Every structure is written in structure tokens, then in C-alpha cells.
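Reader: Hey, got a minute to go through this one with me? I'd like to talk about confidence, aromatics and strand pairing.

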Amino acid sequence: MRKIFSILTLTILLTSCVGNDKMILRESIGKINKVMVVAKISDWTGDVGKEIRNSFGELQVGLPQSEPILSVSQVAPNGFSSMMKSSRNILMISEGETENFSVKKNVYARPQTIVYVQAKDDASIIKILQDRKNEIRRIFLDADIEFTQNIFKKEKLDENQFKTIQNLGLSLIIPDKFRTVDDTGDFLWLRNHLTSGIAKSGSNNILVYSVPLADKTMVADSIVAIRNSIGKKYIPGSKEGMYMITEKAYTPFTFDAKIDGKKAYETRGKWEVKDDFMAGPFLNYTVIDEKNNRLIVFEGFTYAPSVNKRAFLFELEAIAKSMKIQ
């Protein structure tokens with residue numbers, strides 16, 4: 001009788017575990033914008049690995065230092081241990097008769113994104129990687145955006161305290177490490193002082209404002225002029241006549257984007273202070289809000305001399321992409 005009871009208890013426990021992923025999946029590990037590649041050493045040191053490194057290693061535009069869009073590391077299939085399986089972002093490369101490209105979530109840990117690429121030989125694997133490289137990068141970046149936003153949700157600022165956000169009818173997930181510099185009702189400036197490491201003299205900054213929508217076909221061409229006018233009005237330098245402008249020696253890059261389902265433009269470039277030596281990267285999202293005949297602008301900029309800045313800009317991107325417009 002005792003043996004039967006033990007078997008029944010074990011069966012119930014196993015059934016519970018199988019029926020509830022949260023009970024059997026550990027917490028994932030890994031740095032933001034980092035992908036673990038599971039591939040044979042011969043593939044990694046050959047043309048397949050070269051293609052992966054070239055694709056993920058493309059430099060992020062708008063940064064003062066050279067930094068890749070995504071960082072990668074490699075492990076052989078026979079070294080893909082229990083700890084390795086906890087990695088948050090994984091790219092699995094394998095050979096097989098059936099060609100396959102697929103994405104699975106939360107296989108070994110939570111949250112986790114695994115992209116599977118399988119083909120019959122190296123040439124076929126490389127073709128999949130070339131054809132889908134932008135898609136693969138976006139899959140991992142979007143997963144990290146969601147992961148970062150979920151962290152920020154746990155300790156976010158009450159946006160009801162900001163007149164500008166209320167007046168513009170917006171919502172944003174802003175972590176509580178940011179402090180108010182200016183909030184006029186039309187223009188919001190928040191700052192997070194960097195307090196650790198060699199970047200402790202720097203800051204991460206958020207700007208939120210709107211301007212009238214004049215001609216939606218000319219929005220992309222007007223972004224630099226708009227941000228320069230806002231810099232002159234609201235972002236002063238250390239002396240009179242100094243203010244933030246778009247760096248003249250570096251042409252920003254502008255891409256199509258979507259924020260809250262609305263057409264937007266993502267602009268990456270470098271800012272500087274007129275007649276001063278302060279400078280750094282910025283990330284600007286200009287959203288076309290046709291319903292309210294306006295442009296909503298979210299800009300993040302970083303001042304962190306002598307250190308890499310990809311991670312700082314990525315945090316600002318995650319905040320920007322949490323925007324909801326009434």
C-alpha cells in the first residue's frame with residue numbers, strides 16, 4: 001500500500017511539472033545583446049562562423065567607439081552543458097537532410113529565445129544566414145527589448161508626476177533611476193547619473209516633446225533641424241551661447257520604424273555642444289501622430305566619455321519602444 005501511495009505521489013508531481021513550465025524552467029542568464037552560437041568547431045572556424053561573425057559583428061551606427069550590433073560566443077554541441085542551456089539568446093547551427101529555420105521560446109530556461117538553422121551542408125547554411133540575417137538579428141534584439149522592459153516595469157516611475165507626459169497623452173515605462181531636469185508641460189528632460197565604473201561622471205538622458213505635423217512626406221528631412229532647435233531652446237552648455245546641436249562632422253542615419261503601431265523614424269547619430277568639447281551618441285524616435293496632427297519625439301542621449309555606449313543606448317531604445325499614444 002505504501003509503495004502504491006509513493007508511486008501515485010511521484011506521478012502527480014511529475015504531471016504537475018510537465019503541465020506547468022514555470023515549475024521546470026530555470027531563470028535564463030546572459031548579457032543584453034549577447035548571443036551564444038552552438039556549432040561545431042569546424043563550422044565556427046570555417047565559412048559558417050565567418051558569416052555569423054560578419055552578420056552579427058556589423059557595427060552599430062551612431063556610436064563614437066566601434067561596437068557590434070550583437071556580440072557572439074561559440075560552444076560546440078558536445079559542450080552545450082546544463083549551464084550553457086540557461087543562456088537567454090541561442091543560435092543553433094546543425095546539418096541535416098531537411099532544411100529548417102525556426103524560432104522557439106523558453107525551451108531550457110525562461111525567458112529564452114532559440115533560433116534553429118539547419119541545412120544539408122555549409123553552403124546551404126550560409127545561404128539561410130545571408131537571406132535571414134536581418135530577421136535573425138531583429139529576433140534577438142526584440143527579445144532583449146522585451147526582457148529589458150520587463151525589468152524596468154518592476155521599478156518604474158509614476159508617469160502621472162510628469163506634466164509633459166500627461167499633456168501629450170503618453171505612457172512610458174521609465175525606470176526609477178531617472179530624475180527630472182526639466183518638465184515644462186511641453187518638454188520633458190530626465191537624467192540618470194551613471195554612478196559606477198569608469199562612466200561614473202556621465203549620464204543617460206531622455207527628452208520627450210511634440211511639434212506640429214506640417215508635411216508627413218518631409219518628416220525624415222526635418223528631424224535634424226527640429227532637434228537642433230530644441231537643443232538651442234532647452235539644452236544649454238556650460239557658458240552663454242553654448243547648446244546641444246547635431247554633430248556637424250557626422251551625418252546621422254535614419255531608418256523606418258514603428259512605435260505603438262504608428263509610422264515613425266529612428267535616427268542615430270552624434271550630438272555635441274556648440275563651441276564646447278562635450279559630445280556623445282543620440283537615439284531619436286520621431287512618431288507621426290496623424291490623429292492629433294503632430295509629431296511625438298522621444299530622444300535619448302548619452303554622455304559617458306571613454307567607455308562603450310551600446311548598452312546605454314539600448315536601455316533608451318527599450319524605454320522609447322514602450323511608448324503608447326492616446
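Author: Sure, here is a short run through those topics, with the ground rules up front. Residues are numbered from 1 along each chain as its sequence is written. This is a predicted model, where local features need pLDDT of at least 70, side-chain atom pairs count only at pLDDT 80 or more, and totals for chains, interfaces and linings use all residues, while side-chain values use heavy atoms and leave out hydrogens and water.

Reader: What's the mean pLDDT of the protein?

Author: The mean is 91, and 91% of the residues reach 70 or more; pLDDT is the predictor's confidence in each residue, from 0 to 100. Over residues 1-22, though, the pLDDT is below 50, and beyond near neighbours in sequence that stretch has 5 contacts in the model (contact means heavy atoms within 4.5 Å). Where pLDDT is low, the predicted coordinates should not be read in detail.

Reader: OK, aromatics. How many pairs?

Author: The count is 8 aromatic pairs. Rings of Phe, Tyr and Trp (its six-membered ring) pair if their centres lie within 6.5 Å; planes under 30 degrees apart are stacked, over 60 edge-to-face, and the rest tilted.

Reader: Why is the pair Phe 187 and Tyr 234 called stacked?

Author: Because the ring centres of Phe 187 and Tyr 234 are 3.9 Å apart and the planes are at 5 degrees. Phe 187 is in strand S10 (residues 187-193) and Tyr 234 in helix H8 (residues 219-234), 47 residues apart, so the pair links distant parts of the chain. Helices (H or I, at least four residues) and strands (E, at least two) are DSSP runs, numbered from the N terminus.

Reader: Is Phe 187 buried or exposed?

Author: Phe 187 is buried, with a relative accessible area of 0%, and Tyr 234 is buried too, at 17%. The cut-offs are under 20% for buried, over 50% for exposed, and partly exposed in between (1.4 Å probe, protein chains only).

Reader: What about Trp 189 and Phe 301?

Author: That aromatic pair is tilted, at 6.4 Å centre to centre with 45 degrees between the planes. Trp 189 lies in S10 and Phe 301 in strand S16 (residues 294-303), so the pair ties together parts 112 residues apart in sequence. Trp 189 is buried at 8% relative accessibility, and Phe 301 is buried at 4%. Trp 189 and Phe 301 also form one aromatic cluster with Trp 271 and Tyr 303.

Reader: Which charged end sits over the ring of Trp 44?

Author: That of Arg 53, 4.8 Å from the ring centre. Lys 104 lies over the face of Tyr 116, at 5.5 Å from the ring centre. The rule wants NZ of Lys or CZ of Arg within 6 Å of the ring centre and within 35 degrees of the ring normal.

Reader: Switching to strands. How many residues of S14 are buried?

Author: In strand S14 (residues 262-273), 9 of the 12 are buried, so S14 is largely enclosed by the rest of the structure.

Reader: And which strand is joined to S14 by 7 bridges?

Author: Strand S13 (residues 253-259), running antiparallel to S14. Two strands pair if DSSP finds at least two bridges between them. Asp 256 has Tyr 265 in S14 as its bridge partner. S13 and S14 form a hairpin with 2 residues between them, and Asp 260 in the turn has a positive phi of about 55 degrees.

Reader: Where does S15 come in?

Author: Strand S15 (residues 279-289) is joined to S14 by 9 bridges, again antiparallel, and Tyr 265 stands opposite Thr 286 in S15. S14 and S15 form a hairpin with 5 residues between them, where Asp 275 in the turn has a positive phi of about 65 degrees.
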